[in-house]
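Biologist: Can you walk me through this model? I'd like the symmetry, the cores, the sheet and any odd backbone spots.

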There are 2 protein chains.
Amino acid sequence: MLVTSIRDVKNYEGKEVVIKGWLYNKRSSGKIAFLQLRDGTGFIQGVVVKNDVPEEAFNLSKELTQESSVEITGIVRKDDRAPSGYELTVTNVVLVSMSYDYPITLKEHGVEFLMDLRHLWMRAPRQHAILTIRANINRAIREFLDGEGFILVEPPIITANSCEGTTNLFELDYFGQKAYLSQTGQLYNEAAAMAFGKVYSFGPTFRAEKSKTRRHLNEFWMIEPEMAYFTHEDNMRLQERMIEFIVQKVIERCSRELKSLNRDIGKLENVRAPFPRITYDEAVDMLNNGGYAFEWGNDFGAPDETYIAEQFEKPVFVEKYPAKVKAFYMEPDPDNPDLVLNADLLAPEGYGEIIGGSQRIHDHDLLLKKIHEEKLPVEAYQWYLDLRKYGTVPHSGFGLGLERTVAWICGIDHVRETIPFARTLTRVTP
Amino acid sequence: MLVTSIRDVKNYEGKEVVIKGWLYNKRSSGKIAFLQLRDGTGFIQGVVVKNDVPEEAFNLSKELTQESSVEITGIVRKDDRAPSGYELTVTNVVLVSMSYDYPITLKEHGVEFLMDLRHLWMRAPRQHAILTIRANINRAIREFLDGEGFILVEPPIITANSCEGTTNLFELDYFGQKAYLSQTGQLYNEAAAMAFGKVYSFGPTFRAEKSKTRRHLNEFWMIEPEMAYFTHEDNMRLQERMIEFIVQKVIERCSRELKSLNRDIGKLENVRAPFPRITYDEAVDMLNNGGYAFEWGNDFGAPDETYIAEQFEKPVFVEKYPAKVKAFYMEPDPDNPDLVLNADLLAPEGYGEIIGGSQRIHDHDLLLKKIHEEKLPVEAYQWYLDLRKYGTVPHSGFGLGLERTVAWICGIDHVRETIPFARTLTRVTP
């Protein structure tokens, strides 16, 4: 007998196939039972008619409970009303394991209860859709960057020196030496860019921040491309092409998942390069004209970013921030050295910053001066300064926050649902 | 002027192009200079003839030092003697930045010295080749698993409970609560496999082991596929197809890098599924017949694995180990419950274990019994036990150690060269 997956039943119309999966829901009356099945690749309905299956298979169909594991045999029928486009006319049902008292019923549950049961909650259609889209975003990013000739590198997670100061770092004991969990791989990626030209990292990053908002996780994933001989302008051009590529790939590959999340796909289809650009100065004016009292020289908060982004239908670059609100390694704007050649990319629909990027200082003495000004330990940055001593070149890079990007593309409120097992101020389990 | 990369000069034979890169080496005499250039995508020679370039460009060519950054303009010529197959007839040389006293000369240096300068050492051809192969192994793994319908998931790195006991774990303070860095994502991947069918994780793992061998790192990357409804047999079949795919893709895409490492490519071409299989019992006999006094019931050490693997020209599966030397979650062999349905895959040429895999216990009561026997805290494993209560199914998975796989495919001695920034007992910098 042909074993297949729900994703692939379309290749077997009219054929008898076996699906190995789980019962998600059912209804039955008298001589017929409708089994809602899932197998991880999708959802499909199996129709069991009493006289068409062995007696024990029909009885089993009526007894099956939510999340029981079953092997279902059936004939694939096209059905335009079905979300998957297909249905199974069941010919046999074999029990693998009966599930008793599955704790997540089809009723509403509180979020903390569901997060405690995250290991089971990820089976639910909404969570399944979000994490499937996440995997497809990951895949699209890698396809895009690999296609552009980037080399994947893995910067270290445990580091002896901190990249941007030690506040908000998780500390650990590394065989008697103090060490930290990495907040960014950028500095290491800069070294790798001088060896490989164009590189990217794709890994977990950690912030011991005590914030508890819908945009914050304490463990999250970043994609950090870094490019030798790239200017601020080159950097923004790459970012907009990458974001367009990701969004269009997700529309192409995950239309069912987007629909199941009630995502307005028209808004995503609109995400095409080039993206609008405004300067920090213009953003400050925009806020003040919009009735937000915002003082020049501050960094934007979440409500500010939301307001700015709402003025655009596409992601918007906000560039050239005051140097003093940004990291020490950013290249000054040649037209105004109080500003830096950076850009944050704000997602539309109120999702805020998804990318932070900049051209990096490539002049040794200027970088050293900045390190002194920030009172960072020069010794720990000696290797980073070396990159400016030996064949330094203009270079740029950016960091894409994966979870915020998933939240935006899925159109959901809180980043905790965008990662398999969220780590927040109050949660380190399961 | 057309800016391109060394990788792409083949598309521009006879054309004038600009390469932005670094000087790797040079020689010059009288009216000619040979510049060895690198740009991260490859290496190429530029020939500068005094009368064919502006005078300052020729003078600069003679002054250029190792690792100076330069923009070279030249005409692409086919040259079958060149490793890249091409050479540049230089028409101009523009300095970006002169490098003085580059610490890594073309002489031999000690390994610790080079590891201290890892941020620069990765520019050297050998290191460049190894890390390029690493990136291509990563890419091939993802292509293979994505093509098989696997969903990428990211298990948490910071965990409150340890997967296989707390020895060898890095501990940290998570907002007042004791937590650990993950040693494996497997348990979480099992939860995800029940939601997505076939999943894999690709992330850093941590072992606070005090071993100092050429096969050990304290921070390393693992690929961990986990498949619902997969038996031990299905598991091994998947592994051998995946290893064949990776190795053949690397031969196809990295032949230049393999050659520069003097890798015997014939040995790699031989890596075709199916792979030989022996049982643990047969491996013990093999060792004893080979003059190694090995007692049944022990786990194999590195020399044992090397001896066993040397008897085969392909990777070899060693299956069905005694339960007591393996992790608590492995499914017992139905023919002999003292053994488990596991397999380690040993790479040839003395590289030892690159994969450890097994079928997992899916029976709730048996798993609970094992947790008690191992004196693990049942409470912390409650969520893992839940997977056996609600729709449990036979399932299997494995973990591929990335760095050991890179070492084997590259044919190099020590894993410290297989990762951008190695973390060992004595090294947490740069």
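Modeller: One term before we start: helices here are DSSP runs of H or I with at least four residues, numbered from the N terminus. Pro430(B), for example, is found in the segment after helix H13 (402–410) of chain B. Also keep in mind that this is a predicted model.

Biologist: Noted. What's special about the peptide bond into Pro430(B)?

Modeller: The bond from Thr429(B) to Pro430(B) is cis, with omega near -10°. Another cis bond runs from Ala273(B) to Pro274(B), with omega near 0°.

Biologist: Where does Pro274(B) lie?

Modeller: In a loop of chain B, between helix H8 (265–269) and strand E13 (277–279). For context, most peptide bonds are trans.

Biologist: Switching to symmetry. What turn lays chain A on chain B?

Modeller: A turn of 180°, with a shift of 0.0 Å along the axis. The RMSD is 0.0 Å. The two copies are thus related as by a two-fold rotation axis.

Biologist: And how much of the contact surface of chain A recurs in chain B?

Modeller: 100% of the contact residues of chain A recur there, so the same surface serves both copies.

Biologist: Which residue of chain A comes closest to the axis?

Modeller: Leu172(A), with its C-alpha at 2.6 Å. Leu172(A) sits in strand E9 (residues 171–174) of chain A, on the covered face with Tyr174(A). Glu171(A) and Asp173(A) make up the uncovered face.

Biologist: What does E9(A) pair with?

Modeller: Strand E10 (residues 177–181) of chain A, antiparallel, through 4 bridges. Asp173(A) has Lys178(A) as its bridge partner. The two strands form a hairpin with 2 residues between them. In the turn, Phe175(A) has a positive phi of about 50°.

Biologist: Which other non-glycine residues have a positive phi?

Modeller: Asp101(B), near 55°, is one of them. Tyr229(B), at about 60°, is another.

Biologist: Are those two buried or exposed?

Modeller: Asp101(B) counts as exposed, at 69% relative accessibility. Tyr229(B) is buried, with a relative accessible area of 11%. Both are in loops: Asp101(B) is between strand E6 (86–97) and helix H2 (111–116) of chain B, and Tyr229(B) is between strand E12 (219–228) and helix H6 (232–253) of chain B.

Biologist: Now the inside. How many residues are in the largest nonpolar core?

Modeller: 90 residues. Ile243(A) and Ile409(A) have the most contacts inside it. Helix H4 (residues 125–147) of chain A gives the most to this core, with 10 residues. There is also a second, separate core of 89 residues, including Ile151(A), Tyr188(A), Leu385(A) and Tyr200(B).

Biologist: What does Ile409(A) touch?

Modeller: Leaving aside residues up to four places away in sequence, its contacts include Ile133(A), Ile137(A), Ile246(A), Val247(A), Val250(A) and Leu258(A). Arg263(A) and Leu268(A) are touched as well.

Biologist: How many residues of H13(A) are buried?

Modeller: 8 of the 9, so helix H13 (residues 402–410) of chain A is largely enclosed by the rest of the structure. Among the buried ones are Trp408(A), Ile409(A), Cys410(A) and Glu403(A). Next comes Gly411(A), with a positive phi near 75°.

Biologist: Sheet time. What's the strand order in the open one?

Modeller: E7-E11-E12-E19-E18-E17-E14-E13 in chain A, 8 strands with mixed pairing. E7 (151–152) and E13 (277–279) stand at the edges, each with a single partner strand, so one side of each is left without a neighbour in the sheet.

Biologist: How does E7(A) join E11(A)?

Modeller: Through 2 bridges, and they run parallel. Leu152(A) has Tyr200(A) as its bridge partner in E11(A).

Biologist: Which helices lie across strands of that sheet?

Modeller: Helix H9 (residues 280–289) of chain A lies across E13 and E14, at about 85° to E13(A). Helix H10 (residues 302–310) of chain A lies across E13, E14, E17 and E18, at about 75° to E17(A).

Biologist: Last one. At what angle do H11(B) and H12(B) pack?

Modeller: About 155°, with their axes 9 Å apart. H11(B) and H12(B) are therefore roughly antiparallel. The contact includes Leu367(B) and Ile371(B) of H11(B), and Leu385(B) and Arg388(B) of H12(B).

Key: Residues are numbered from 1 along each chain as its sequence is written. Chains are lettered from A and ligands numbered from 1 in the order in which they are written. This is a predicted model: local features need pLDDT of at least 70, side-chain atom pairs count only at pLDDT 80 or more; totals for chains, interfaces and linings use all residues. Side-chain values use heavy atoms; hydrogens and water are left out. Copies are superposed by least squares on the C-alpha atoms of residues with pLDDT of at least 70 in both. Contact means heavy atoms within 4.5 Å. Buried means under 20% relative accessible area, exposed over 50%, partly exposed in between (1.4 Å probe, protein chains only). A nonpolar core is a set of buried Ala, Val, Leu, Ile, Met, Phe, Trp, Tyr and Cys residues joined through side-chain atoms within 4.5 Å. Two strands pair if DSSP finds at least two bridges between them. Axes are lines fitted to C-alpha atoms, for helices over the stretch in contact, and angles run from 0 to 180 degrees between N-to-C directions. Angles under 35 degrees count as roughly parallel, over 145 as roughly antiparallel, 65 to 115 as roughly perpendicular and the rest as oblique.
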